[in-house]
Amino acid sequence: MLFQSYDPGDFYDELFLAAGQPRPEAELLVRKVDSLPVEEIQRRQQLAQNFLMKMGATFNVYGAEGGIERIIPFDIIPRLMNATEWWPLERGLKQRITALNCFLQDVYNDQKILKDRVIPEELILSANGFLKPCIGLKPPHGIWCHIAGIDMVRDRDGAWYVLEDNVRCPSGVSYFLENRQVMKRTFPEVFNRGGVLPVDEYPGHLLDTLLHLAPDQVDNPTVVVLSPGIYNSAYFEHAYLAQKMGAELVEGRDLVIADGYLQMRTTRGLKRVDVIYRRIDDDFIDPLAFRPDSLLGIPGLLEVYRQGRVAIANALGTGVADDKVIYTYVPAMIRYYLGEDPILNNVPTYLCWEEDQRAYVLDHLDELVVKAAGESGGYGMLIGSQASEEERQKFARLIQENPRNYIAQKTLSLSRSPTLIDGELVGCHVDLRPYILCGETINVTPGGFTRVAMRKGSLVVNSSQGGGSKDTWVLTDAGDLNSTQVQVQ
């Protein structure tokens, strides 16, 4: 009986109120797991990993030893939340993406938020993601960010915080969707009791979002997924989403600008492309506008895009909103553009470019998490409480040399969730990446990609740093999982 010996510890636990006391929505799951021998749980865990391998749900780690392709470790004990705690998150995510889209439209056009000194102009101009060639762009319907993944964490008291925004090329949704398929096979006896909100509609919603961008005069728009190719870390996801949407998966070499339009090479000649779901970073997408050494993009694409002859999701230039320094101003954006108080709070953050805050950070490196403004995937980060004195001194030098490039945040007591490791349940820290689609309407898929720090005591959940994942169940009501009235879609 695995859960009998499980200790939630002095953290907010996603399944337990206290030792031996599961949350109401988790009671059926806990009873079912405890009714099975440990060997059976381990067998199902292995089956889940085998399913993922058979599906090809792999990712690549650049520079990894022993081959670059691997499966994200998957844990079969799902994370549960009820609808009463999910709906406020959904409202907050919709509010946040609305404000971010207003910001992107403004900062590349009228720049009112800079003229009104809500955000210092020098922070925008010095951001790596702010692309001067994109100034004056007006994407279809004024939407810049069509697909977003907002990273959320929960503190010791159960309060939610936004950790960072991913509005350029957010990844992970394919693993989130595949995790659900695996769980339906692994615990059908629990799933079939009903109450779990479905996630299967995401590819259809994604396609609708992309079609919404197509020029009005096009009756049957052609949508493509633009990938850097098979060696990209998320290539599985590119292929997966293209297949689910019935869209073409292409690379830059498959596309060309001809007769003033973006066209795709086919066995029957050139075919016009109307919408690109791009999974290539801005710098590489057009060597004439950005990096001239790029072999991944399409020369001349930016000009065709500027003329409105092709739509791109996400719009070029959205990376400025991924900047971790700009992240600190999102609550101010919400107040400025929407006239509302933020529903979701940021993690308390120190800006190293401000002298007094930088001094505090340098004096408290052993208590803070330091992040580079433009990095992702767990790179360029210092967890001061777990770092050596040598590592802290290295980051102190980096901060002093380039203060604009760093922020620091308080080390939160991240919530934990029971995770099967070596035949026992261990409380491991988790985060949550919900996915938001912004088209004719804003759609938030219930739950999201829960990432797990599968090393004991670790706070790093990123797959590239050894993290794993688990399925996230949003229940229609706290008690519905224990009911037989609702059927799973």
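Which residue in S11 stands opposite leucine 255? In this predicted model, the partner of leucine 255 is methionine 264 of S11. The two strands concerned are S10, spanning residues 255-258, and S11, spanning residues 261-266. They run antiparallel and are joined by 4 bridges. Together S10 and S11 make up a hairpin, with 2 residues between the strands. Aspartate 259 lies in the turn and has a positive phi of about 55°.

The hairpin belongs to an open sheet of 3 strands, ordered S10-S11-S12, in which the pairing is antiparallel. S10 and S12 (269-272) are the edge strands, each of them pairing on one side only. On average, neighbouring strands of this sheet are turned by 45° against each other, direction ignored. The pairing of S11 with S12 is antiparallel and extends over 4 bridges. Within this pairing, glutamine 263 stands opposite arginine 272 of S12. In general, strands of a sheet pair through backbone hydrogen bonds, in either a parallel or an antiparallel sense.

Helix H13 covers residues 330-338, and its buried residues are Val330, Pro331, Met333 and Ile334. Viewed down the axis of H13, these buried residues fall within an arc of 155° and therefore line one face of the helix. An α-helix has 3.6 residues a turn, so residues three or four places apart point the same way. Several elements contribute to the cover over the buried residues of H13: among them are helices H3 (83-107), H4 (112-115) and H12 (324-327), together with strands S7 (160-166) and S15 (345-346). Glycine 339 follows H13 and has a positive phi, near 65°.

The cysteines were also examined for disulfides, and the structure holds 0 of them. For cysteine 145, the closest cysteine sulfur is that of cysteine 438, at 7.2 Å, which is too far for a bond. A disulfide would require the two sulfur atoms to lie within 2.5 Å. Cysteine 145 has 0% relative accessibility and therefore counts as buried. For cysteine 169, the closest cysteine sulfur is that of cysteine 145; the separation is 10 Å, again too far for a bond.

Conventions
Residues are numbered from 1 along each chain as its sequence is written. This is a predicted model: local features need pLDDT of at least 70, side-chain atom pairs count only at pLDDT 80 or more; totals for chains, interfaces and linings use all residues. Side-chain values use heavy atoms; hydrogens and water are left out. Two strands pair if DSSP finds at least two bridges between them. Buried means under 20% relative accessible area, exposed over 50%, partly exposed in between (1.4 Å probe, protein chains only). The arc is that of the directions from the helix axis to the C-beta atoms. Contact means heavy atoms within 4.5 Å. Axes are lines fitted to C-alpha atoms, for helices over the stretch in contact, and angles run from 0 to 180 degrees between N-to-C directions.
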